[in-house]
Amino acid sequence: MTSEQLRVFGVGLLYILIFGTGYALGHAGKPYGSLLFNVHKLAALGLAVLLGYMFYRATQSAAPSLPALGLAVVTALALLALFVTGALLSVPKEVPGLVRIVHHVSPYLAVVCSALAVYLQRG
């Protein structure tokens, strides 16, 4: 397996870990268990770093195409929205429903856009 294939596999595993721990946290209710919550946050941070590194490496061999660059920006914004809404959801106070909706929709947007951005840049 090449290093690029390992990175793609790592991204997939991190997405699965993030989704799994996110569903578990959602069903556990507040206050969140510290171990599960920290695994969720650290996996999300690792994913953001790994995706950024992969896109950076992909742009070293060729200039990014406009669609790939746009999808990378949307991915970055979705991940930023996830970090912000995740922080808001972790406080003990009740948050507006829009925060929860954004936190539930943004991961799917990030998965699709990141996969397409890497595919288009590699293509």
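Select Tyr15 to begin: this residue is buried, with a relative accessible area of 10%, where buried means under 20% relative accessible area, exposed over 50% and partly exposed in between, computed with a 1.4 Å probe on protein chains only. The model in the viewer is predicted, so local features need pLDDT of at least 70 and side-chain atom pairs count only at pLDDT 80 or more, while totals for chains, interfaces and linings use all residues. Residues are numbered from 1 along each chain as its sequence is written, and side-chain values use heavy atoms, with hydrogens and water left out.

**The aromatic rings**

Keep Tyr15 selected and add Phe19: both lie in helix 1, four residues apart, which is about one turn of the helix. Helices here are DSSP runs of H or I with at least four residues, strands are runs of E with at least two, and both are numbered from the N terminus. A search of the whole structure finds three aromatic pairs. Tyr15 and Phe19 form a tilted pair, at 6.5 Å centre to centre and with 55° between the planes. For such a pair, the ring centres of Phe, Tyr or Trp (its six-membered ring) lie within 6.5 Å, and planes under 30 degrees apart count as stacked, over 60 as edge-to-face and the rest as tilted.

Now add Tyr108, because the rings of Phe19 and Tyr108 also form a tilted pair, with centres 5.2 Å apart and planes at 55°. Phe19 lies in helix 1 and Tyr108 in helix 4, so this pair ties together parts that are 89 residues apart in sequence. Tyr108 counts as partly exposed, at 44% relative accessibility. With Tyr23 added to the selection, the view holds one aromatic cluster, formed by Tyr15, Phe19, Tyr23 and Tyr108.

**The largest pocket**

Next, select Ile18, Gly22, His40, Leu82 and His103, which are the closest to the centre of the largest pocket among the 29 residues that line it. A pocket, on a 1 Å grid over the protein atoms alone, is an open set of points where a 1.4 Å probe fits, with protein on both sides within 12 Å along at least five of seven lines, and lining residues have an atom within 4 Å of a point. The volume of this largest pocket is about 750 Å³. Helix 1 (3-28), helix 2 (34-61), helix 3 (66-90) and helix 4 (97-122) are the elements that give two or more residues to its lining, and helix 1 gives the most, with eight residues.

**The second largest pocket**

Move on to the second largest pocket, which holds about 170 Å³ of space. Among the residues to select in its lining are Ala48, Phe55, Thr75, Leu79, Ser114 and Val118, and helix 2, helix 3 and helix 4 each supply at least two residues of this lining.

**Two single residues**

Ser106 is the next selection, and this residue is found in helix 4. Ser106 counts as buried, at 8% relative accessibility. Apart from neighbours within four places in sequence, Ser106 is in contact (heavy atoms within 4.5 Å) with Ala78, Ala81 and Leu82.

Finish at Leu69, in helix 3, which counts as partly exposed at 38% relative accessibility. Neighbours within four places in sequence left aside, Leu69 is in contact with Phe55 and Pro64. To see how Leu69 sits relative to Phe83, select both: they are 14 residues apart in sequence and 21 Å apart in space, C-alpha to C-alpha.

Methods: Grid points are joined across faces, edges and corners, and a volume is the space filled by probe spheres set on the points.
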